[in-house]
Amino acid sequence: MRRAVCPGSFDPVTNGHLDIIGRASRLFDEVIVGVLVNQSKSGLFTVEERIDMLREVTSSYGNVRVESFRGLLVDFCRAQQASVLIKGLRAVSDFDYELQMAQMNIGLAGVETLFMPTNPLYSFLSSSLVKDVAKWGGDISAHVPDPVRKALQARLGPRS
């Protein structure tokens with residue numbers, strides 16, 4: 001079975017994330033969306049809330065499952081019996097960082113990294129930008145799935 005991990009914090013999941021997950025689901029028998037538990041950062045949404053949102057918005061993909069992990073990503077990959085990571089790249093600056101991580105991951109555990117260029121519709125999109133726009137009452141409906149938009153509005157509410 002060809003199995004891949006698509007890791008991230010997904011705080012919250014955006015349409016850019018979903019584009020990468022969906023494309024990966026066509027290339028692999030199973031895609032595991034790995035939600036990072038980072039105790040040194042407090043997210044807007046809890047890990048459980050992020051997992052619930054991801055499960056809801058990826059439910060149409062029969063070969064995608066969502067799990068949380070802490071610690072080294074390569075250890076999570078080993079536990080999931082996945083030898084490939086999927087990473088979306090928005091810009092050259094993403095590549096500089098991700099290349100170093102990919103080289104470390106292959107050196108540590110033989111885990112390969114597949115870089116997928118982001119759909120140009122989402123090349124500017126980040127969870128941080130979406131949260132900032134939502135915080136000030138801006139329209140984020142083109143950038144996140146509807147359940148995520150509703151969760152953001154409920155959590156942040158419009159500001160003046």
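1. Start with the strand pairing. Strand β1 (residues 3-8) and strand β2 (residues 30-36) run parallel, joined by six bridges. In this pair, A4 of β1 faces V31 of β2. Keep in mind that the model is predicted.

2. β1 has another partner. Strand β4 (residues 84-89) pairs with β1 over two bridges, also in the parallel sense. Here A4 stands opposite V84. A4 is therefore a handy landmark: find V31 in β2 and V84 in β4 across from this residue.

3. How much of β1 is buried? Five of the six residues are, so the strand is largely enclosed by the rest of the structure.

4. Next, the connection between β1 and β2. Together with helix α1, the two strands make a β-α-β unit, and the unit is right-handed.

5. Look at S25 within α1, the helix that spans residues 15-27. Is S25 buried or exposed? S25 is buried: its relative accessible area is 11%, and the cut-off for buried is under 20%. A polar atom of the S25 side chain lies 2.7 Å from the backbone oxygen of G22. Beyond neighbours within four places in sequence, S25 contacts V31, Y61, N63 and V64. V31 is the β2 residue that stands opposite A4.

6. Helix α3 (residues 73-80) is worth a view down the axis. Its buried residues are L73, V74, F76, C77 and Q80. They cover an arc of only 155°, which puts them on the same side of α3. What do the buried residues of α3 pack against? The answer is β1, β2, β3 (64-69), β4 and α4 (92-109). After α3 comes Q81, with a positive phi near 55°.

7. Helix α6 (residues 146-156) can be read in the same manner. V148, R149, L152 and L156 are its buried residues. Seen down the axis, they fall within an arc of 105°, so they line one face of the helix. Note that R149 is in this buried set. The cover over these residues includes α2 (47-57) and α5 (127-135). G157 follows α6, and its phi is positive, near 60°.

8. To retrace these points in the viewer, begin at β1, with β2 and β4 as its parallel partners. Then go to α3, whose buried residues pack against β1, β2 and β4, among others. Finish at α6, where α2 and α5 are part of the cover over the buried residues.

Conventions: Residues are numbered from 1 along each chain as its sequence is written. This is a predicted model: local features need pLDDT of at least 70, side-chain atom pairs count only at pLDDT 80 or more; totals for chains, interfaces and linings use all residues. Side-chain values use heavy atoms; hydrogens and water are left out. Helices (H or I, at least four residues) and strands (E, at least two) are DSSP runs, numbered from the N terminus. Buried means under 20% relative accessible area, exposed over 50%, partly exposed in between (1.4 Å probe, protein chains only). A polar contact is a pair of N or O atoms within 3.5 Å; within protein, one must be able to donate a hydrogen and the other to accept it, and residues adjacent in sequence count only if both atoms are side-chain atoms. Contact means heavy atoms within 4.5 Å. The arc is that of the directions from the helix axis to the C-beta atoms. Two strands pair if DSSP finds at least two bridges between them. A crossover is right-handed if, with the strands pointing away from the viewer, the path from the first strand over the helix to the second runs clockwise.
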